[in-house]
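Reader: I've got a model open and would like to learn how to read it, feature by feature. Can you walk me through it?

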Amino acid sequence: MRAEPDPRARRRDEAAESGGFADLIGSPFRLDRDRIAASPFFARLGGVTQVVSAGGSGLLHNRLTHSLKVAQVARAIAERVTTSEDSRELVAKLGGCDPDVAEAAALGHDLGHPPFGHLGEQVLDRIARHRYGLPDGFEGNAQTFRIITTTEVGGPTPQGLNLTAAARAAVLKYPWARLHYPDPHPSGMRVPPRGAAEPDEAPGTGSVKFSVYSTDLDDFEQSRAPFAGRIESWQQTVEASVMDLADDIAYAIHDIQDFHRIGVLQHAAVATELGQWVARLGELAALPTAALRDDHRNPGRALEWLRRRMHAKDSWVVDDEAFAQAVARVRAELVDELLAIPFDGSIEAEQAMARFSARWTTRLVDGVLVTPAPSTRTGHVTLQPAQWHEVQVLKFVHRRFVLQRPDLALHQRGQASMLTNLVDALDAWLTDRDEAHRLPRRLHDLVELARAEYTALAQGAPGLLIGATGEPVRGTDAVRVLARGRAVTDFVASLTDRQAGSMLDAISGRATQPWSESFVL
C-alpha cells in the first residue's frame with residue numbers, strides 16, 4: 001500500500017523538482033538546507049553586520065558566522081527534543097521537528113537582513129512607510145520569507161527556492177503580517193505574542209515584528225497549512241521555535257565574546273553594575289521606576305530596571321530568586337573569570353574563550369524543554385526558568401555595555417545617513433525618464449515583479465493595502481509608487497555593507513572608476 005505523501009514536505013511547484021534540481025539524497029528537508037546554503041543571499045551574509053561592521057576582520061561575527069552557529073545550536077536542540085522520551089510524542093503531536101528543517105531555518109533566518117543589520121532594517125522601514133506609503137514597511141524577517149519564496153531565483157522555479165512547507169514555516173519567527181493578517185490579529189490579544197504588539201509611540205502602525213508581507217500571503221498560508229489544528233494561528237511551528245531559541249542562545253554568548261576580544265566589554269563597568277545591584281538590592285527595589293532611568297554613574301539601576309521590566313512583560317516565568325541566581329552565575333563565570341583578564345590573543349586567552357562558549361552553550365541547551373501549552377510570550381520549545389533568566393542577564397550585559405555606547409551610536413548614525421542617501425539616489429534614477437532604461441538589471445526586474453504583485457493586490461485584495469490613511473490604495477500611480485518602494489528596498493537589502501558604500505560612492509560621483517558587481521548589477 002502506497003504511503004500518503006507528507007504534507008510537511010509539499011513544495012509550491014512539485015513538477016519543477018526534476019532534472020538538475022532533483023533530490024539526490026532522498027531527504028526533501030536536507031535539500032532545503034542545501035538550497036539555502038548554496039544561495040548567493042546566504043553567501044552575502046559574510047559581508048553584513050552582526051552588531052558592528054567587521055571590516056574584513058576575523059575577530060567579529062558577521063551575519064554568516066552567526067547563522068552557522070545558530071544552525072549548530074538548532075540542530076542540537078532538534079535532535080534532543082525528537083529523541084528524548086519526555087518530549088518526542090508531544091513534538092510529533094504539535095506537527096513534528098526534523099533536524100534538517102531546524103538547521104535550514106537557522107541557516108536562512110537572517111537572509112533578509114539589510115546592510116548594517118538592525119540599523120539598516122530600521123532605516124529601510126522608515127523610508128518604506130513614510131516615503132512610499134508601504135503599509136508593510138520593511139522588516140528583516142518578512143524579507144527573509146520574501147527571499148526564499150519570491151526574489152531568490154536560483155531554485156528550480158522562476159521565483160523562490162521551492163522549499164518544503166515545513167522549511168518555509170520554520171523561518172516564520174513571527175507568523176503574522178504587520179497589520180491585517182490573520183484576523184483577529186495577534187496584536188489585539190490581551191497578552192500579545194512577543195513582537196506582535198504595536199509600538200507605544202506609534203499606535204495604529206501594526207506589529208513591531210512580523211514575518212510576511214501582504215504580497216507573500218499565498219506562500220505563507222500554504223506553508224502553515226500542514227500545521228492547522230496542531231498549533232494556534234499565531235504560534236510558531238516547533239521547528240521555528242527551535243530556530244528562535246537557538247538564535248537567542250547564540251546571540252547571548254558570541255556577541256559578548258566579540259566585544260571582549262576587541263576590548264570594548266570592560267571588566268570594571270560590568271562588575272560594578274552587577275555587584276552594586278547585589279549589594280544594594282533592597283535600596284534599589286524601593287526606588288520609583290522613573291528614578292531607574294537615571295542610570296548614568298548610578299550602577300545597579302539599569303539591572304533593577306531589567307528585573308521590573310521582566311515582571312511586566314514575562315510574568316509567566318519571571319522569579320526574583322531565579323533572577324538573583326542568574327546574576328550570581330553571570331558574575332562568577334563572565335565577570336570574575338572571562339573578563340577579569342583582558343583578551344591578549346594568547347593561547348591561554350583563546351582557550352578561556354572557548355571554555356566559556358562551550359560551557360554556556362551546553363548549559364543552555366541542557367535547559368531546553370517542550371511544553372504543550374506555553375505562554376503567548378514564548379514558543380513550545382523554551383528554557384527552564386534558571387537558564388531563561390541567565391539568557392536575559394547575558395543579553396542585558398551586551399545591550400547595556402555595547403549597544404548603548406555613544407561611540408557606537410555615532411558610527412551608526414553615519415551608516416543610517418549612507419543608506420538614506422543611497423535610497424534617494426536610486427529613487428531619483430528610477431524616476432529619471434532619460435536614464436531609467438539604464439537601471440541595474442536586477443533593480444529593473446524587481447520593479448517589474450513588484451508592480452505585478454501590487455497590481456494584483458489592488459485588484460483582488462485591496463483591504464491588504466490599507467495604510468495610515470485608512471483607505472485602500474487605488475489607481476495606477478499609487479500602485480507604481482508602492483512597487484517602486486518595494487523594489488528599492490528589495491534591492492538595497494540585497495547588498496553587503498561594503499557594496500552599499502561602494503554603490504553610493506559610484507552613484508554620487510565619488511568613485512574613481514566604474515563600480516560593478518554581478519550580483520546586483
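**Reading the model**

Author: Sure, and let's begin at one odd spot: Asn162 sits in the loop between H7 and H8. Keep in mind that this is a predicted model.

Reader: What is the sign of phi at Asn162, given that it is not a glycine?

Author: The general idea comes first. Most residues other than glycine have a negative phi, and most peptide bonds are trans. Asn162 goes the other way, with a positive phi of about 55°. Asn162 also counts as buried, because its relative accessibility is 3% and the cut-off for buried is under 20%.

Reader: Which other residue has a positive phi although it is not a glycine?

Author: Look at Phe116, where phi is about 70°. Phe116 is in the loop between helix H5 (99-108) and H6. At 5% relative accessibility, Phe116 counts as buried too.

Reader: And where are peptide bonds cis?

Author: One cis bond joins Tyr181 and Pro182, with omega about -5°. Another runs from Asp183 to Pro184, and there omega is near 5°. Pro182 lies in the loop between helix H8 (165-170) and helix H9 (217-224), and Pro184 is found in the loop between H8 and H9 as well.

Reader: Let's zoom out. How many helices and strands does the chain have?

Author: The chain has 21 helices and two strands. Its radius of gyration is 23 Å, close to the 24 Å from the globule rule for 521 residues, so the chain is as compact as a globular protein of that length. The C-alpha atoms fill a box of roughly 70 × 65 × 50 Å along the principal axes.

Reader: What share of the chain is buried, and what share of the contacts joins residues at least 24 apart?

Author: Buried residues make up 54% of the 521. Among contacts between residues at least 6 apart in sequence, 72% join residues at least 24 apart. As for the outside, the chain exposes about 22900 Å², and carbon and sulfur atoms supply 51% of that.

Reader: How far apart are the mean positions of the positive and negative charges?

Author: They are 2 Å apart, counting 58 positive and 68 negative charges.

Reader: Now a single helix. What span should H18 have, and what are its end C-alpha atoms doing?

Author: At 1.5 Å a residue, the 25 residues of H18 (residues 406-430) should span 36 Å, and the end C-alpha atoms are 36 Å apart, which agrees. H20 (residues 476-493) reaches 26 Å over its 18 residues, close to the 26 Å expected.

Reader: Which residues of H18 are buried?

Author: A general point helps with the pattern. An α-helix has 3.6 residues a turn, so residues three or four places apart point the same way. In H18, the buried residues include Leu408, Gln415, Leu419, Leu422, Leu426 and Leu430. Their cover includes H6, H17, H19, H20 and H21.

Reader: What covers the buried residues of H19?

Author: That cover includes H2, H7, H18 and H20. Among the buried residues of H19 are Leu443, Leu446, Ala450, Tyr454 and Leu457. H20 is mostly covered, with 13 of its 18 residues buried.

Reader: One residue to finish: what is Ala302 in contact with?

Author: Ala302 is found in H14 (residues 301-313). Leaving aside neighbours within four places in sequence, Ala302 touches Glu273, Asp295, Phe396 and Arg400. Ala302 counts as buried, at 6% relative accessibility.

Key
Residues numbered from 1 in each chain as written. Predicted model: local features only at pLDDT ≥ 70, side-chain atom pairs only at ≥ 80, totals over all residues. Heavy atoms only, no water. Helix = DSSP H or I, 4+ residues; strand = E, 2+ residues; numbered from the N terminus. Expected span 1.5 Å × (residues − 1). Buried < 20%, exposed > 50% of the residue type's maximum accessible area, 1.4 Å probe, protein only. Rg over C-alpha atoms; globule rule 2.2 N^0.38 Å. Contact = heavy atoms within 4.5 Å. Areas by Shrake-Rupley, 256 points an atom, 1.4 Å probe, with all protein chains shown as cover. Lys, Arg positive; Asp, Glu negative; His and termini not counted. Charge placed at Lys NZ, Arg CZ, Asp CG, Glu CD.
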